[in-house]
Amino acid sequence: MDAVLALKNSISANRETLRKFQAWGQAKAELAEQRAQAEKEVILAQGGDAFKHFCHQRRRQELEAQNRAFEEEQKLRKHEIVSRILKEEAEEARRKQRPSPARPAGRPILRDQTWSYVAAFQDGKGPADPPCCPPLQEGRSALPQASLLVKAASSESVQADRGSLGREAGTLAQPEIPGLWKEDCKPYQVPKEDVDQKSVGGTKTDKDILARTAQQLCRGVTHKQVASRREFRGCPFHSKPKLVHFKDFDIGKVYKKKITLINATYTINYCKLVGVEERLGDFIHIDFDPPGPMPAGMSCEVLVTFKPTVNKDLEGNVSFLAQTGRFSVPLKCSAKKCSLSLDKELIDFGSCVVGETASRTVTLTNLGGLGTGFRFLLASECCEMDTSPSVFSTVSVLLLLSSNFTYEDKGFDGNVATSFSKQLTAGNESMPADVPSQKESGKLDVKEKEEGRPVESEGVTSTTIVTVPPNEEQTEFSLGEITEGEIGPFSTIKVPVIFTPIVPGTVSTRFKVVFKNQQCPTLYFKVVGVAIDVPVWVPKPNVDLKICMYDRLYQDSILVHTRSKTALRLHFEVCKGLQGHLELLPKTACIQALSSYSVRLKFLPRRSLPEDAGKYFDKESRVLEAPMTIWVADQIKPVGFTVHAIVTTSDLELSPSAVDFGYCTIYEAIRTQVSLCNHSLLPQEFGFVRLPKFVDIQPNDGFGTILPLETLQLDVIFQPTKAKEYNFELVCKSEINRCFKLTCRAVGVHPLLELSHYQVKFAATSLYNTSVATLYVINSRLSMNPPTPLVPHIGLEDTSPVGPTSFEFLLPPDSPITISPSVGTVWPGKRCLVRVAFRPVLTRELIHQEALQALTKEAEAKSVHGGAGGG
């Protein structure tokens, strides 16, 4: 119980001590940061470059620390060399005084083999003779071949010294409470009596088989495993985890991971550690206590200890030997790296009003375990990279090999000083590849900050000083307050990008992000934006009303948008001279914040538009361009838009405007032509409506569509039904309900002679046959006295006398109709029989045409048959 209480008190005391150290470290860091900030403000107040001043100060501190470390190392090395010389002299004297002890029978060591080879060579024996072990003599050291022995001995001593130095460098702080971590602590072993009591196989034969198998395993002999007539094939042991990965390691620290090996075979199996690959032997140590025979499904643990001494990635395998074959577990060690990226390469601000400010954020992300310094600049700005000398002399490198020194790290902006140390790596490798960045060597580890312990330096890297000339050009894009600093491992930094437009138009700028770590590539991103001069705008600055007609109402909606965050008062104004033709409703309105408003546009062009519009109307092209204005409260510059329209007439012209048909008998029809002209630029539909029964208009009964600027010829047919005077108007209406009138006048009279019927219809008649029809010519007057009133005269011939009336039938030329008699006289009250004969014949032209077609077809047929026969 006393031991437990003492342990508890010791733990409490250690925790309290750790808290004190941590608080002391935090207070010291805050004090240093306050001093640096005050010094920076003083330098800026004096007009100096604080960044450059801190960089020079940091370099001066680094050089002073390196000089002090170099001097201390020289003194230590001198003392060490002197002590070694004295120790070797004392050992040599002691060796001369006492005889050399006899070597045990067995394998000779390297020193004995070398001396045996030298003695055999001096005696004249060949190298194939067995080496002898003559007694050592003092004269042997003077031989030329003795240099081999000196070299071998010196190499062994150097290796031993390096091993001791490595162990000393890797020794951690000694714990206050002893435990399992002590070096002299040995794992618990089962007493021999307990082992003998537990029988693995149960019988003596099984024990003999297990012993024989263990011996074969020790000699590296494997054999197949068959259980229940099934042979096991595959990896005998499964490891958890499958890959041993040491991520983001720091030089000088010790990392440990456990591997669980599970027997995946069918029966008992053994496991033996073979080792790690040669290139990992200096960094990886395996602790594995073979558990002996392991039944199927059982597991054992392997402890992998990794102590890095170089800052580079390592890969390899840990090899094991089982009863059924070899297997290995992959091992990987990853050094700290910077993995930097931007969340976007293009920042589009869209539209922004001149005078307003818009902000976007670009995020810089570090996915690696190593931090670095960063700085945001314009892509056009130049950076002068001042790199400190990174090549030291060979003596300095050798002295720094076994030394580690630390001091405060000020960081990229000069707030924290940086610790550096240089280590020599094997092989002719490039220096930048093996040298870690300042962030890796100077940034405190999170765990070490909590424990309050300083960080050991991991390597020497060159210092980069970024000098940026002042940019006198005024740019519309700017960055926020955080434009430079340190980005830690697995962290993000958000930098605001501000857009303040000055001139309307499209603006674009390219930025870059440079890093203190030279292995990190420069990142670029582009910023674009469109500057608009007013908060209120019209998406359609040109309102096209197409082709409009006079005295017709046309309406449209004008959409007004605002990007202002407050309500605005709007006043709509029509240009002077068009107030009687154009109207915007309402004239005054209030548009809410970040919304839109619709204005009604009414256009009713009058006939006086060409005179009223003035310069806004072109009489030749009939194009109207009317500018409209939207006045915004508390805004000097108004918003304008233009109304475009082609104004045309809707007139239809009838030519002539009046028609006189003259005298027309009641048994005939008179036709006259009238022209209908469309003076409009638009097609119009028309129709003659409410026509009297004695008038007909063709074509299409007086209805149709007339194209722009087209003239149509219409036939007006007048057929009176009574003998009287006719005065009437024909009305033509357009599709917009406009009426155009045609005045007509005519006189209907009775004829002197009449026909019994005015239409003769013959039956079907074959060629060269004759069909006959009869009709009568009638004189309807019963008296030979002149009529009262007088019958008006029709035609240019002399007036026919009252009484018997003669007639004559006129036939068209080449007509198959024959009238007999074609000439005659009819007395008043009498009638005359007339025969009409129809005899169809083939004309000479039709016969020639048919004969020509027959000859052509015959010639074509002969040509086709002739071509087929030749083929």
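The legends below describe close-up views of a predicted model.

**View 1. Helix 2, residues 50-97, and its N-terminal end.**
Helix 2 has 48 residues, which at 1.5 Å a residue should span 70 Å. Its end C-alpha atoms are 70 Å apart, so the expected span and the model agree. Asp49 caps the N-terminal end of the helix. A side-chain oxygen of Asp49 lies 3.3 Å from the backbone nitrogen of Phe51. Phe51 is itself buried, and other buried residues of helix 2 include Ala50, Phe54, Cys55, Arg58, Glu62, Ala65, Ala69 and Glu73. In general, an α-helix has 3.6 residues a turn, so residues three or four places apart point the same way.

**View 2. Thr265 in the loop between strand 5 and strand 6.**
Strand 5 covers residues 255-263 and strand 6 covers residues 271-276. Is Thr265, in the loop between them, buried or exposed? Thr265 has a relative accessible area of 5%, and because buried means under 20%, Thr265 counts as buried. Its side chain makes a polar contact with the side chain of Asn263 at 2.6 Å. The side chain of Thr265 also reaches the backbone oxygen of Thr267, at 3.2 Å.

**View 3. An open sheet of five strands.**
The strand order is 33-40-39-35-37, and the pairing is mixed. Strand 33 (658-665) and strand 37 (703-706) are the edge strands, each pairing on one side only. On average, neighbouring strands of this sheet are turned by 25 degrees against each other, direction ignored. Within the sheet, strand 35 (residues 684-689) and strand 39 (residues 725-734) pair in the antiparallel sense over four bridges. Phe688 has Cys732, in strand 39, as its bridge partner.

**View 4. Two cis peptide bonds that lead into prolines.**
The bond from Leu585 to Pro586 is cis, with omega near -5 degrees. Pro586 is found in the loop between strand 26 (582-585) and strand 27 (588-591). The bond from Ser655 to Pro656 is cis, with omega near -5 degrees. Pro656 is found in the loop between strand 32 (652-655) and strand 33.

**View 5. Positive phi at Asp248 and at Asn700.**
Asp248 is not a glycine, yet its phi is positive, at about 50 degrees. This residue is found in strand 4 (residues 244-249) and is partly exposed, with a relative accessible area of 23%. Asn700, also a residue other than glycine, has a positive phi near 60 degrees. Asn700 lies in the loop between strand 36 (695-698) and strand 37. Its relative accessibility is 53%; exposed means over 50%, so Asn700 counts as exposed.

How values were computed:
Residues numbered from 1 in each chain as written. Predicted model: local features only at pLDDT ≥ 70, side-chain atom pairs only at ≥ 80, totals over all residues. Heavy atoms only, no water. Helix = DSSP H or I, 4+ residues; strand = E, 2+ residues; numbered from the N terminus. Expected span 1.5 Å × (residues − 1). Buried < 20%, exposed > 50% of the residue type's maximum accessible area, 1.4 Å probe, protein only. Polar contact = N/O pair within 3.5 Å; in protein donor to acceptor, adjacent residues only side chain to side chain. Pairing = 2+ DSSP bridges. Axes fitted to C-alpha atoms, helices over the stretch in contact; angles between N-to-C directions.
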